[in-house]
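Colleague: I have a model on my screen and some questions about it. Could you take me through it?

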Amino acid sequence: MSWTDFYRRREILEAAVRYAQRTPDEPLVLAEIPGATDVFGGEENLLLALQYRWTQVLGGHLRAELADPEDAAADGVGDQVDTVSRAWRRAQSEHETLRAVLDAALTRHPSLVNLHEGELRTLALTAGLAGPGEPTEEITRVGYAFDSLVRAGSDRSDRPARRRSPMGHLMRLLAPSA
C-alpha cells in the first residue's frame, strides 16, 4: 500500500464516521461516502477497517494509562480495573460515533463479533480480572461483564481530579494519534 492509498483510506474512514454521526445505528451507505465502494467494496470491509481504527485508539489509551504508574500511586488509585476503565471511557468519549457504529454493526456482521470479543478479552486480561491460562470462553464472559460495568458507570464526575506527571500527560496527548 502506498502512502497515497493510506491517506485515501484514512480520509474515507473519517468520512464514514462523519456520515454516521447522523444515524450511527443504521448501516453505512457506501454510495454516500466518496470512494468507499472503490476502496472497501462493501460495508463489512469498511466496518472491519473501522474496528481496526478503534483497536488502535483503545490500545493507545490503555498504553498511556498503564505507562505512568506514578499517576496511579499519586492519587491512591493503583487498581488496574480503574486504569483500564479510565482508558476505555476516554477512548469512548473521544470517539463516541465510532464506538456506536461498531456496536450497532455487531448484529449485522458476525465477523465483527470475533474482533469485539478479542477486545473484551484484552480488557479483562489487562484489568487483571482474568488470567492468560483461563479458558477463552471464560475470559470472554468476564470481558462482557467488565464492558457492561464500564458502560454503566461512565459518569465518574464525583472523583477528584488526578494529578498527572508531565510524561503521563504527554502519553495521553499522543494516544489519540495512534
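Questions and answers on this model follow.

Modeller: This is a predicted model, with residues numbered from 1 along each chain as its sequence is written. Local features need pLDDT of at least 70, side-chain atom pairs count only at pLDDT 80 or more, totals for chains, interfaces and linings use all residues, and side-chain values use heavy atoms, with hydrogens and water left out.

Colleague: How many helices and strands does the protein chain have?

Modeller: Helices (H or I, at least four residues) and strands (E, at least two) are DSSP runs, numbered from the N terminus. From that end the elements run α-α-α-α-α-α-α-α-α. The count is nine helices and zero strands.

Colleague: What percentage of the residues in the protein chain is buried?

Modeller: Buried means under 20% relative accessible area, exposed over 50%, and partly exposed in between (1.4 Å probe, protein chains only). The protein chain has 178 residues, and the buried share is 39%.

Colleague: How much area does the protein chain expose?

Modeller: Areas come from the Shrake-Rupley method with a 1.4 Å probe; for residues, only the protein chains shown count as cover. Carbon and sulfur atoms supply 55% of the exposed area. The total is about 9900 Å².

Colleague: Which helix supplies the largest share of the largest nonpolar core?

Modeller: A nonpolar core is a set of buried Ala, Val, Leu, Ile, Met, Phe, Trp, Tyr and Cys residues joined through side-chain atoms within 4.5 Å. This one has 34 residues, and Leu28, Ile33, Leu46, Leu50 and Leu123 touch the most other members. Helices that each supply at least two residues include H1 (3–20), H3 (43–67) and H7 (110–126). The largest share, eight residues, comes from H3.

Colleague: Which residues does leucine 50 contact, leaving aside its neighbours within four places in sequence?

Modeller: Contact means heavy atoms within 4.5 Å. Leucine 50 is among the core residues that touch the most other members. With those neighbours left aside, its contacts are Leu13, Val17, Leu28, Leu98, Val101 and Leu102.

Colleague: What percentage of contacts between residues at least 6 apart in sequence joins residues at least 24 apart?

Modeller: The pool is contacts in the protein chain between residues at least 6 apart. Those joining residues at least 24 apart make up 68%.

Colleague: What span does H5 reach from its first C-alpha to its last?

Modeller: The expected span of a helix is 1.5 Å times one less than its number of residues. H5 has 15 residues, and 21 Å is expected. The span in the model is close to that, at 21 Å.

Colleague: Which helices do the buried residues of H5 pack against?

Modeller: The buried residues of H5 include Val84, Ala87, Trp88 and Ala91. Threonine 83 in H5 is also buried, because its relative accessible area is 6%. Threonine 83 contacts Glu65 and Leu66, leaving aside neighbours within four places in sequence. As a group, the buried residues of H5 pack against H3, H6, H7 and H8.

Colleague: Which residue caps the N-terminal end of H5?

Modeller: A polar contact is a pair of N or O atoms within 3.5 Å; within protein, one must be able to donate a hydrogen and the other to accept it, and residues adjacent in sequence count only if both atoms are side-chain atoms. Here a side-chain oxygen lies 3.2 Å from the backbone nitrogen of valine 81. The capping residue sits in the loop between helix H4 (69–74) and H5. It is aspartate 79.

Colleague: Is histidine 116 buried or exposed?

Modeller: Histidine 116 is in helix H7. It touches Arg99, Leu106, Tyr144 and Arg151, not counting residues up to four places away in sequence. Its relative accessible area is 4%, so histidine 116 is buried.

Colleague: Is proline 34 buried or exposed?

Modeller: Proline 34 is in the loop between H1 and H2. Its relative accessible area is 66%, so proline 34 is exposed.

Colleague: Are the rings of tryptophan 3 and phenylalanine 6 stacked or edge-to-face?

Modeller: Rings of Phe, Tyr and Trp (its six-membered ring) pair if their centres lie within 6.5 Å; planes under 30 degrees apart count as stacked, over 60 as edge-to-face and the rest as tilted. The whole structure has four aromatic pairs. The ring centres of tryptophan 3 and phenylalanine 6 are 5.6 Å apart and their planes are at 85°, so the pair is edge-to-face.
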